[in-house]
Amino acid sequence: MIERRKWTAIPGLFVLAAGAVMISAYSGASSSQNRSPVQPIKFPHPVHVQKLGLNCLYCHYTANKSPDPGLPAVGTCMGCHASVGPDRLASDLGPKRTSAEIKKLWDYADVKTLMTPGLGPNARPIPWIRIHKVPEYVHFPHMRHVNAGVTCQTCHGQIQKMNQVYQFASLNMGWCVSCHVNGYSAAEGLEAAGYAAPAGPPATGSGVPKPVVAERKKARYDCANCHY
Ligand code: HEC
Ligand code: HEC
Ligand code: HEC
Ligand code: HEC
Ligand code: HEC
């Protein structure tokens with residue numbers, strides 16, 4: 001009798017164990033909305049994007065070719081900051097200033113004087129704190145979105161105006177699925193980016209402007225599209 005009971009319990013235990021594995025594989029949520037950690041260097045996006053006119057891809061150079069956009073290496077920063085140092089005299093960039101933040105960058109690059117070529121022997125990577133993160137069981141390919149024309153700001157907000165980056169969107173499943181189901185339009189994307197929506201096609205003979213054709217780009221929303 002006792003022997004029997006022990007054996008009948010086994011399939012039940014097996015199901016429980018399999019369930020536990022599945023639940024643990026599918027647990028954990030995305031990083032939270034409005035999260036805005038203080039970074040090791042107070043890197044100002046507005047100065048680099050709005051004032052200097054750098055393209056997002058200048059630094060996040062794999063956003064259109066890989067799932068992960070990447071953060072710039074110290075060498076990329078030093079391409080400019082070897083000559084734009086912690087101390088600057090009055091120039092067309094502004095009045096004379098001393099920057100503790102650029103000094104920190106030089107410390108990471110192990111550079112002590114202006115115009116030092118390359119990095120010093122003790123250069124180390126800047127330990128940027130990751131802000132946006134979906135759980136491991138979610139598949140998110142940046143390049144598919146960027147190449148479909150979805151503007152960075154649709155998902156990240158107007159980074160070019162953020163002195164300290166924060167997580168703009170929830171990154172939860174409903175957020176992903178609602179765009180895949182309802183579709184994305186280029187006009188909305190430009191508006192989200194902070195640029196005016198493009199004007200509609202020129203008015204035809206009647207003088208009545210044609211409505212802008214909002215062709216919405218949809219994407220797959222079956223479970224396996226986003227989950228491994
Ligand atoms: C367009 C992408 C997308 C699709 C399609 C999708 N998911 Fe998700 N799913 C996500 C994301 C992102 C998360 C992370 C959730 C979060 O933080 O709220 C998630 C989380 C989950 C979780 C874990 C929930 C938790 O709170 O731990 C389960 C379970 C899940 N999805 C099941 C499914 C099933 C079943 C389907 C098909 C009906 C599906 N998903 C379709 C993107 C997607
Ligand atoms: C000069 C280089 C540079 C340029 C240009 C740049 N970024 Fe960044 N970006 C960084 C650095 C460095 C960080 C990490 C520090 C921080 O969060 O500010 C970062 C962080 C981010 C993050 C948060 C990353 C995370 O951990 O989740 C996003 C999103 C982002 N940038 C988007 C953009 C967008 C969109 C543009 C164009 C409008 C842009 N960046 C232009 C260097 C740059
Ligand atoms: C294309 C050239 C270029 C690149 C690349 C670049 N910067 Fe800059 N950065 C500048 C210029 C120019 C300024 C404005 C300097 C000023 O006002 O004196 C600036 C300003 C800054 C400031 C603000 C200084 C202050 O205190 O006002 C910080 C911090 C900074 N950069 C860090 C970085 C970091 C970190 C990277 C790499 C992720 C980087 N920069 C990449 C050109 C660049
Ligand atoms: C469809 C929404 C969407 C678009 C469009 C998008 N991102 Fe993201 N981004 C995300 C999500 C979601 C994550 C978290 C991904 C993860 O955890 O794998 C993220 C993460 C990041 C990170 C941090 C990851 C890292 O490598 O450190 C950076 C930087 C970033 N995005 C920059 C950009 C830039 C630049 C663009 C435009 C060229 C862009 N993103 C377009 C949704 C988007
Ligand atoms: C603002 C709209 C938007 C949001 C938000 C969005 N996506 Fe997408 N997604 C798209 C578009 C558009 C495509 C490209 C479809 C194509 O290339 O035809 C796409 C493509 C994909 C693909 C490639 C497979 C396919 O359907 O072609 C995956 C995987 C994916 N998205 C996952 C996600 C996940 C996970 C999230 C949330 C973390 C997310 N997406 C959020 C619009 C969005």
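In this predicted model, the shell around ligand 2 comprises 13 nonpolar residues, seven polar residues and one charged residue. Of the 21 residues in that shell, those that come nearest to ligand 2 are Cys56, Cys59, Ile131, His132 and Cys152. Two or more residues of the shell are contributed by each of three elements, namely helix H2 (45-51), helix H3 (56-59) and helix H7 (152-156).

The surroundings of ligand 4 take up some of these names again. Ligand 4 is surrounded by 21 residues, of which His60, Ala63, His132, Cys152 and Cys155 are the closest; His132 and Cys152 are also listed among the residues that come nearest to ligand 2. The elements that give two or more residues to the shell around ligand 4 are H6 and H7, and H7 gives the most, with four residues. By class, this shell divides into eleven nonpolar, seven polar and three charged residues.

Around ligand 3 there are 24 residues, and the closest of them are Pro72, Cys77, Cys80, Ser99 and Glu101. At least two residues of this shell are supplied by each of H2, H4 and H5, with the largest share, five residues, coming from H4. The composition by class is 14 nonpolar, six polar and four charged residues. Helix H2 thus appears in the description of ligand 3 as well as in that of ligand 2.

Cys77, one of the closest residues to ligand 3, is also part of the largest nonpolar core of the model, which has seven residues in all and consists of Cys77, Met78, Leu105, Trp106, Tyr108, Ala109 and Val111. Helix H4 (74-81) and helix H5 (100-109) are the elements that give two or more residues to this core, and H5 gives the most, with four residues. When neighbours within four places in sequence are left aside, Cys77 is in contact with Pro72 and Leu105; of these two partners, Pro72 is listed among the closest residues to ligand 3, whereas Leu105 is a member of the core. In soluble globular proteins, nonpolar side chains tend to be buried together.

At the level of the whole protein, the secondary structure amounts to ten helices and two strands, and the order of the elements from the N terminus on is α-α-α-α-β-β-α-α-α-α-α-α. Of the 228 residues of the protein, 9% count as buried. Among the contacts with a separation of 6 or more, 68% are accounted for by residues 24 or more positions apart.

Two residues in loops call for comment on their backbone conformation. Most residues other than glycine have a negative phi. Asn34, which lies in the loop between helix H1 (2-25) and H2, nevertheless has a phi near 70 degrees, a positive value in a residue other than glycine. Asn34 counts as exposed because it has 8 C-beta neighbours inside 10 Å, where the limit for an exposed residue is 12 or fewer. Met115, found in the loop between H5 and helix H6 (142-147), likewise has a positive phi in a residue other than glycine, here near 65 degrees. With 8 other C-beta atoms within 10 Å, Met115 is therefore exposed as well.

Terms used
Residues numbered from 1 in each chain as written. Chains lettered and ligands numbered in written order. Predicted model: local features only at pLDDT ≥ 70, side-chain atom pairs only at ≥ 80, totals over all residues. Core = buried A, V, L, I, M, F, W, Y, C linked by C-beta atoms within 7 Å. Buried ≥ 20, exposed ≤ 12 C-beta atoms within 10 Å, placed from the backbone. Contact = placed C-beta atoms within 7 Å. Near = placed C-beta within 6 Å. Nonpolar A, V, L, I, M, F, W, Y, C, P; charged D, E, K, R; others polar.
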